[in-house]
Amino acid sequence: MAAAKKAVLGPLVGAVDQGTSSTRFLVFNSKTAELLSHHQVEIKQEFPREGWVEQDPKEILQSVYECIEKTCEKLGQLNIDISNIKAIGVSNQRETTVVWDKLTGEPLYNAVVWLDLRTQSTVEKLSKRIPGNNNFVKSKTGLPLSTYFSAVKLRWLLDNVKKVQEAVEENRALFGTIDSWLIWSLTGGINGGVHCTDVTNASRTMLFNIHSLEWDKELCEFFGIPMEILPNVRSSSEIYGLMKAGALEGVPISGCLGDQSAALVGQMCFQDGQAKNTYGTGCFLLCNTGHKCVFSEHGLLTTVAYKLGRDKPVYYALEGSVAIAGAVIRWLRDNLGIIKSSEEIEKLAKEVGTSYGCYFVPAFSGLYAPYWEPSARGIICGLTQFTNKCHIAFAALEAVCFQTREILDAMNRDCGIPLSHLQVDGGMTSNKILMQLQADILYIPVVKPSMPETTALGAAMAAGAAEGVGVWSLEPEDLSAVTMERFEPQINAEESEIRYSTWKKAVMKSIGWVTTQSPESGDPSIFCSLPLGFFIVSSMVMLIGARYISGIP
């Protein structure tokens, strides 16, 4: 029997989307932006101590190889020739910090994840060294001094991990965010791997000058970071190197964007004033501010949006970052056992259609924008004997929407022109109750593309458009039209405001919860002596296994 003829679809582009919760590889048709196939693998998160969040860099790398191989197998089953894949883009969780040995290729410690809080006392010490009238860190980086960004994580590794200290002294250490680790490994690793990052990821390290687009000597000296371990900074769209193994050996890696910048590109927010909100592990609202750096007066970050080519101009964005969005659903599943799968949250919330006065502030890693308050911790309040798991599920979804409202309000105040609608993307947008709640709480329409994988799409667009690849045109007239689903507000404005003001009251209750910081290093037995849930409000602990909750003031 003759072999089935392979389908001819024109040039294809692949995208690695390495997020906090999972890794995916997706393949798109560069002419139509159609998603042809993909594969996804969930990634473990480790919590060795209160406030610590780590991942295994080797597991992350292996998950990328697995996703590429499985996607190529699926394409084969669809009779699609993988030799048509002309480029690969990389999109990644930002800020997460890896240090590895360039001679052995081995990570010298687990990846310290962006959510990790172990560096709070480092932040407090460093903040005392910044003159009140000259915050040179913020003016150069656009970022507040926070546990969120890579520089303080790297400082912790240099101070506390002997393997890292020795490797730096012996000139064996390389630092990178997840994009750097993946590109170095995929392009050969110890056999000539390319050590680079792009401007969007570099702008999240707190070591990068967003005006000159270079690593900053003064910042590196301030944080005590040796510049020789830093990756080369490249544009977001150029050929970095070729795949050296696997089914796609020889294919150029030619796009690299931090996940939120990738989503901005994938949503085609190329004009000044266009904005998108991504609902993933966290929640991230970005507004394109064009060629100018706009500094926020209301707790937002100034960041690099993209630079789509070596000779292309840089674009900037204002960003509102929320630490916990989809992560709260995972917490309800893994920690409390209220749901067995993330999809069940919609069913539970639908059963009651209200939180019945219950409010959930999931400040597990403190509060990010617009508060930047590391002393906050999660609370559930407004509980009565009537409250059950369905109300808590609904309150968790509302929490994501209220947090988005806070950063949208800050964005509107900074930009001066309120957004007339909100473009959304990310895994959580498949939850229709969440999308309707978001429209109600913002009191503007929420617009969702029918193909929600805009982060991967953005990385694929950058890769396909790179010089030397040239299979994806980013000219406005060539960009594919995207079909959208629209959610209109269904409650009156007064009710929306009442719910929002009650939420803000709950937020105030969560602030100041942690009055003394845990030690950053030392004898682990110190942590063993802490009561379970030291940083989590007791009402949360009491929820475990409880159907009804009573008498909590």
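**View 1. Enclosed space inside a predicted model.** Counting cavities of 30 Å³ or more gives 3 of them. Keep in mind for every view here that the model is predicted. This close-up picks out the second largest cavity, which holds about 80 Å³ of space. Its lining is made up of 13 residues, and those closest to the centre are Val-322, Leu-367, Tyr-368, Ala-369 and Gln-403.

**View 2. Who lines the second largest cavity.** Two elements, strand β18 (315-322) and helix α12 (389-415), each bring at least two residues to the lining of this cavity. What sort of residues make up the lining of the second largest cavity, by class? Sorted that way, there are 9 nonpolar, 3 polar and 1 charged residues.

**View 3. The largest pocket and its centre.** Now for open space: the largest pocket comes in at a volume of about 1200 Å³. A set of 41 residues lines this pocket, and if you head for its centre, the closest ones are Gln-40, Tyr-279, Gly-280, Gly-427 and Met-428. By class, the lining of the largest pocket splits into 9 nonpolar, 20 polar and 12 charged residues.

**View 4. Helices and strands around the largest pocket.** Which element gives the most to the lining of the largest pocket? That would be α10, with 5 residues. The strands that each put in at least two lining residues are β2 (22-29), β3 (35-42) and β15 (275-279). On the helix side, α9 (259-266), α10 (326-336), α11 (344-352) and α14 (454-464) each do so as well.

**View 5. Trp-114, a tryptophan in a loop.** Look for Trp-114 in the loop that runs between β7 (111-112) and α2 (120-127). Is Trp-114 buried or exposed? Its relative accessible area is just 3%, so Trp-114 counts as buried, the cut-off being under 20%. The side chain of Trp-114 has a polar contact, at 2.9 Å, with the side chain of Thr-20. Thr-97 is also worth finding: it sits 17 residues from Trp-114 in sequence, with 7.7 Å between the two C-alpha atoms.

**View 6. Asp-179, buried with no salt bridge.** Asp-179 belongs to helix α6, residues 178-186. What is the nearest side chain of opposite charge to Asp-179? That is Arg-94, 9.6 Å away, and buried Asp-179 has no salt bridge. A salt bridge would need the charged atoms within 4 Å. What Asp-179 does have is a polar contact between its side chain and that of Thr-177, at 2.5 Å.

Definitions and conventions:
Residues are numbered from 1 along each chain as its sequence is written. This is a predicted model: local features need pLDDT of at least 70, side-chain atom pairs count only at pLDDT 80 or more; totals for chains, interfaces and linings use all residues. Side-chain values use heavy atoms; hydrogens and water are left out. Helices (H or I, at least four residues) and strands (E, at least two) are DSSP runs, numbered from the N terminus. Buried means under 20% relative accessible area, exposed over 50%, partly exposed in between (1.4 Å probe, protein chains only). A polar contact is a pair of N or O atoms within 3.5 Å; within protein, one must be able to donate a hydrogen and the other to accept it, and residues adjacent in sequence count only if both atoms are side-chain atoms. On a 1 Å grid over the protein atoms alone, a cavity is a set of points where a 1.4 Å probe fits but cannot get out, and a pocket is an open set with protein on both sides within 12 Å along at least five of seven lines; lining residues have an atom within 4 Å of a point. Grid points are joined across faces, edges and corners, and a volume is the space filled by probe spheres set on the points. Ala, Val, Leu, Ile, Met, Phe, Trp, Tyr, Cys and Pro count as nonpolar, Asp, Glu, Lys and Arg as charged, and the others, Gly among them, as polar. Lys and Arg count as positive and Asp and Glu as negative; His and the chain ends are not counted.
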